[in-house]
Every structure is written in structure tokens, then in C-alpha cells.
Amino acid sequence: MDVPALRDSWLRIEKVGDEAVLYFYSHLFMTHPEVRDLFPVSMAAQRGKFLVALGRIVSNVDRVAADPTFVRQLGRDHRKFEVVADHYPAAGASLLATLQYFLGEAWTDSLASDWAEAYGSVAQIMMAAAEEDEETTPAWWEAEVVATERRGMDVGLLRIRPTEPYDYAAGQSMAVEVPQRPRLWRYYTPANAPRPDGTLDLHVQIVAGGQVSATLARTVTVGDTLRLGAPIGTALTLPANFRGDLLMVAGGTGLAPMTALIEQLDENWRTTGEATNVHLFHGVRTQWNIYDHAFLSELAGTRPWLRYTPVVSDDPTYPGAVGLVGTVAAQTGPWQGRTALICGSAAMVEHAAGELRRAGLPDSAIRFENLDGRTPEDITPNTSAAPAERLRTR
């Protein structure tokens, strides 16, 4: 299998943009109309996400083979969409049809065979994981909203309690569906480590035009029931026996997994006396967006292993650190020997990873979560990218 050829051909498809997306869905819905109900009524927010994620993952099949953990999680997570084994060949056929149409003469028999083999390998991993999971785990969990809180104009905090045990690790994410927006699943990360009472805290940044974020932050009330997909992601998780120091860089509500991990590390410190040195940078646009400032400042004042630096990008009168959070974090180093964890919008993650790389951190020390198949070495540094104030919907 020629993996470089897979990647090169997929880059050409990504450059086509919306035309490829429209062709893919048109082919899929015309040849398999029964799958249309798996997608939301309005496709505006969905367009491109599924196809781009699928293409990137399949074209990086060698990485999947080396560590199938993430793809197995995706297979389990897709059960919430009511995806069954018969749907995988349908998506694969439309993917190959899209490639053939837009690659033209570059679509050779050899390349077609490689794409079919790569897709089959990825699909098999996902299907096997879903089948195994079906024996012991529901396709989704219901969770009751037990508390809501507004933090400023555009950030809402929700506390939810799953009706069935929900096992996850600090730093993992889950897809959330609200009853007012059926089939519009969005990924959020609990802002707390697992608790004895099972409750989860979600930080929700209202995104302009966002159907789910606005509903979660403004419309959902105590007593409402949400659906949760399976927990997913390993890039921002830490094993119980983790040793080493951490640099955390968060943009907006990308702060959520960082506070969950800090809770995990704090519990370990209080029970064992062993500490991991952490420096957390939280980037927002204005000082009014530093929505967890009091809690983090108090914690940093009582934990010798924790440092906390809020960073404001769009208010030069702010008395603290001013600038893009990735730049400020990189310049505050040196960070050699530390593991960097990044969470925020795609632009913020891209910028911060580039800045840390230029500051001397190797790719292997830069970790972030995503659902589109990228790794740090895929990121092209973009020094003009401003940090967004929302959790990346990966």
C-alpha cells in the first residue's frame, strides 16, 4: 500500500473544498437513501466534517495500524448515530466515487486499490470495536441537567448527571445531543475528573450561529435530558502513574479538559504527596472572558506545583499578560522536558503548536485532541491565527 500516495491524493481533494463535499453527499444519498436519516435535517453545520475526518483518517492508515485506539473509540462512538455494519460499505463507495471524480486521470487502478484497502482496514477496526461494545455498553447515555450557570455574556456552565454509570478519564470528550436539536451532536469535554456522584460539568461557549452551543447555554434548563455518546480521546489523558511536568495551553472553553486534569493531579498530590509541576496558560479575547479566574487563582495560591497565567489578546489595557496565548506561553519558557497539552479552536491549536515547536519542543511533546486525523507534524504554523473562545468541536 502506497501511503504517501494516499496522503497526496487526499490533499488534492481537500483543495477542491465544498464541491467534493457536495458530490460525496449527493452520491451517498442517491445510492443509499436510507442513510439520510442518520444525518441532521439541516446539513449546514455538518457539511465537510464527516468527509474530511474520514479522508484524513483513511489516508493515514499506517498510523491507525500502529495505534488503533482512537479509531476503535470512533467505532464505539458512532453507535450513537445508529450506524450498523451495512452503512460502512455505503460510505466507502461514495468516498471512492468522490476521489475518482475529482482526481480524474490521477485515479489509477493502483491508487483505487490502495484506497479500497485502506478504507476496508479502518472500517473493519471500527466495526469490530462497535460489535464488542454492543455487548456491554449502550449506544448512548441519558443525562439529566441538575444545575445551570451563566458566566458572562457567552459562557454557560451545565452540571449533568448520567442516569447510568458513565466511565471516562479526565481529558476525554463526549458527543452531546440536546432534545431541541436532534441528530446535531457536538463534542464537549467534562471540566472535572470523575466524581463519586457521577456528575459532569460542561463549559459551553456560545458560537455565532451555533445551533447547539446557544441552546445548551441559553435554553436548556434544570430537569432537561441530554444524550451523551461514548467517551473518546486519549491525547489529553494522563495515566495514574504519570511522571513529568506539564505545560497546559487553553483557548476559551478549551480550559475544560485542563481543569479536569488538574483535579486528577490534585487528588493524587493530596493522597500521595507526589506532585506534577503544571503551568496553565488560559487565553481569551477580553478580561471578561476569563470565566474561571477566581477558582484557578485560589487553587494556584494553595498548590505549590501549579502556576496559572491568564492571557488576553484583544485588550491592550489588561494589566496582565497580553497577546496570543500560544506566543505568550512559548516565550515564557524554556519548556524543554515538559509535555505540552493544547486545547481550543483549530486556529488556536495550530498557532500554539507552531509557537511551541519554534521554541524548541519536539512534536512528540506536543499533544492535542482532534477528530480529523491530524498529528502535530501535520500542522503548518500560522503566526497570524488568533485564539478562539470556544471549545473545539472536533
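## Charged and aromatic pairs

Glutamate 177 is buried, with a relative accessible area of 9% (buried means under 20% relative accessible area, exposed over 50%, partly exposed in between, with a 1.4 Å probe and protein chains only). This is a predicted model: local features need pLDDT of at least 70, side-chain atom pairs count only at pLDDT 80 or more, and totals for chains, interfaces and linings use all residues. Residues are numbered from 1 along each chain as its sequence is written, and side-chain values use heavy atoms, leaving out hydrogens and water.

**Salt bridges**

Side chains of opposite charge can pair when their charged atoms come close. A salt bridge here is a side-chain nitrogen of Lys or Arg within 4 Å of a carboxyl oxygen of Asp or Glu. The count by this rule is 15 salt bridges. The table shows three, including the one made by glutamate 177.

| Salt bridge | N to O distance |
|---|---|
| Arginine 151 and aspartate 292 | 3.1 Å |
| Glutamate 177 and arginine 227 | 3.6 Å |
| Arginine 243 and glutamate 274 | 2.8 Å |

Glutamate 177 lies in strand β3 (residues 174-177) and arginine 227 in strand β6 (residues 225-228), so this pair ties together parts 50 residues apart in sequence. Strands are DSSP runs of E with at least two residues, helices are runs of H or I with at least four, and both are numbered from the N terminus. Arginine 227 is partly exposed, at 29%. Its charged end also sits over the ring of tryptophan 140, 3.9 Å from the ring centre. That label needs NZ of Lys or CZ of Arg within 6 Å of the ring centre and within 35 degrees of the ring normal.

Aspartate 292 is buried, at 11%. Its partner, arginine 151, is partly exposed, at 23%. In the third pair, arginine 243 is exposed, at 55%, and glutamate 274 is partly exposed, at 40%. Asp266, Glu267, Arg270 and Arg303 are linked in a network of salt bridges.

**Aromatic pairs**

Rings of Phe, Tyr and Trp (its six-membered ring) pair if their centres lie within 6.5 Å; planes under 30 degrees apart are stacked, over 60 edge-to-face, and the rest tilted. The whole structure holds 10 aromatic pairs. Tyrosine 101 and phenylalanine 102 have ring centres 4.9 Å apart and planes at 80°, so they are edge-to-face. Tyrosine 101 is exposed, at 53%. Phenylalanine 281 and tryptophan 335 are also edge-to-face, with 6.0 Å between centres and 85° between planes. They link parts 54 residues apart. Phenylalanine 281 is buried, at 1%, and tryptophan 335 is buried, at 6%.
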